[in-house]
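Thank you all for coming. I would like to walk you through one structure, taking a single residue as the starting point and then widening the view to sheets, cores and a cavity.

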Amino acid sequence: QKPILLQGHERSITQIKYNREGDLLFTVAKDPIVNVWYSVNGERLGTYNGHTGAVWCVDADWDTRHVLTGSADNSCRLWDCETGKQLALVKTSSAVRTCGFDFGGNIIMFSTDKQMGYQCFVSFFDLRDPSQIENNEPYMKIPCSDSKITSAVWGPLGEFIIAGHESGELNQFSAKVREQLSNIKEHTKQINDIQTSRDMTMFITASKDNTAKLFDCTTLEHLKTFRTERPVNSAALSPIFDHVVLGGGQEAMDVTTTSTRIGKFEARFFHLAFEEEFGRVKGHFGPINSVAFHPDGKSYSSGGEDGYVRIHYFDPQYFEFEFEA
């Protein structure tokens with residue numbers, strides 16, 4: 001089946017994200033554009049205009065009322081999903097690398113980069129208190145002096161966030177009190193992406209050390225490892241099968257030296273329990289920077305260094321194969 005090709009960005013894709021129902025797909029890239037698409041047919045619904053730099057991260061809340069974006073223009077912005085109106089602007093002293101809503105959609109967290117003499121911080125704002133945004137005063141701010149956060153997600157029930165670092169470390173930071181709950185180091189290089197399972201019991205990390213790893217959300221116990229021969233930029237867990245999709249390829253700056261045939265720019269499918277690769281999907285003309293499963297598990301999307309987002313629907317055989325297995 002031919003994928004649906006979304007062309008809405010001029011630069012390489014940094015993150016793609018479905019809303020909870022899966023009818024919308026949000027895409028951000030190294031240009032200032034934030035796009036939202038209908039996932040069923042790839043029609044563009046609209047654009048959120050306001051950023052002046054590369055947009056690193058995007059998230060939508062539980063009922064898709066609000067959209068949160070973080071950018072290299074030193075700002076984190078809150079948008080009305082339906083109208084595209086900017087509702088809030090939080091200015092930061094360095095680029096915003098990761099952002100996310102908790103379950104209720106009331107609390108947002110974002111992390112800033114360690115650059116220009118500023119250290120990396122995780123900030124928590126409660127949107128029910130407008131004064132926090134107006135005064136640019138988060139109710140909690142946790143410094144990360146050792147190594148900057150490169151990816152972060154909310155844990156189950158919004159009790160804590162799980163953060164992955166440039167050094168390969170993983171932390172849990174409490175969202176209630178200023179403390180680090182636990183810390184492990186299973187990766188040897190930078191963690192590029194963290195995504196949780198549908199029921200929030202597990203999460204998967206993608207790392208520059210050529211592996212993706214599966215962990216328990218609450219205990220951070222390391223469960224599985226998926227090995228490749230190239231850096232992994234993104235990994236996602238299927239909501240209906242024991243399947244994992246990995247996207248990667250080599251560093252963007254090395255791409256010109258390899259042909260697409262040997263560039264390993266495919267999305268790669270692994271079995272969650274057996275850690276074995278069982279499929280590959282070609283298509284991108286460069287490394288894949290972000291992958292995401294549709295919440296119904298019947299399709300997945302990938303965003304690449306080539307600036308395209310591809311929505312792939314699985315063949316009927318994919319579902320038969322799984323049930324036979």
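Is leucine 237 buried or exposed? Before I answer, please note that this is a predicted model, in which local features need pLDDT of at least 70 and side-chain atom pairs count only at pLDDT 80 or more, while totals for chains, interfaces and linings use all residues. Residues are numbered from 1 along each chain as its sequence is written, and side-chain values use heavy atoms, with hydrogens and water left out.

Leucine 237 is buried, because its relative accessible area is 10%, where buried means under 20% relative accessible area, exposed means over 50%, and partly exposed is in between, using a 1.4 Å probe and protein chains only. This leucine 237 belongs to strand E22, residues 232-237; strands here are DSSP runs of E with at least two residues, helices are runs of H or I with at least four, and both are numbered from the N terminus. If we leave aside neighbours within four places in sequence, leucine 237 is in contact with residues including Met202, Ile204, Leu214, Leu272 and Phe293, contact meaning heavy atoms within 4.5 Å. For leucine 237 and isoleucine 204, which are 33 residues apart along the chain, the C-alpha atoms are separated by 7.3 Å.

Let me turn to the sheets. As general background, strands of a sheet pair through backbone hydrogen bonds, either parallel or antiparallel. In this work two strands are said to pair if DSSP finds at least two bridges between them.

One open sheet has 4 strands in the order E10-E11-E12-E13, and its pairing is antiparallel. Strand E10 (96-101) and strand E13 (140-144) are at the edges with a single partner strand each, so one side of each is left without a neighbour in the sheet. From one strand to the next the twist averages 15°, with axes taken as lines fitted to C-alpha atoms and angles running from 0 to 180 degrees between N-to-C directions. Within this sheet, E10 pairs with strand E11, residues 107-112, in the antiparallel sense over 5 bridges, and glycine 100 stands opposite methionine 109 in E11.

Another open sheet, also described with 4 strands, has the order E1-E28-E27-E26 and antiparallel pairing. Its edge strands are strand E1 (4-6) and E26, each of which pairs on one side only, and the twist averages 20° from one strand to the next. E1 is joined by 3 bridges to strand E28, residues 309-313, the two running antiparallel, and isoleucine 4 stands opposite isoleucine 311 in E28. On the other edge, strand E26, residues 288-293, is mostly covered, with 6 of its 6 residues buried. E26 and E27 form a hairpin with 5 residues between them, and glycine 297 in the turn has a positive phi of about 75°.

Which residues touch the most other members of the largest nonpolar core? Among its 15 residues, they are Val122, Phe124, Ile149, Trp154, Ile161 and Phe173, a nonpolar core being a set of buried Ala, Val, Leu, Ile, Met, Phe, Trp, Tyr and Cys residues joined through side-chain atoms within 4.5 Å. Two or more residues of this core come from each of E11, strand E12 (120-126), E13, strand E14 (149-154) and strand E15 (160-165). A second, separate core of 13 residues includes Leu78, Ala88, Phe101 and Phe125.

Two loop residues also deserve a mention. Asparagine 136, in the loop between helix H1 (130-134) and E13, has a positive phi of about 55° although it is not a glycine, and asparagine 136 is partly exposed, with a relative accessible area of 30%. Methionine 200, in the loop between strand E18 (191-196) and strand E19 (202-207), likewise has a positive phi, of about 65°, without being a glycine, yet methionine 200 counts as buried at 15% relative accessibility.
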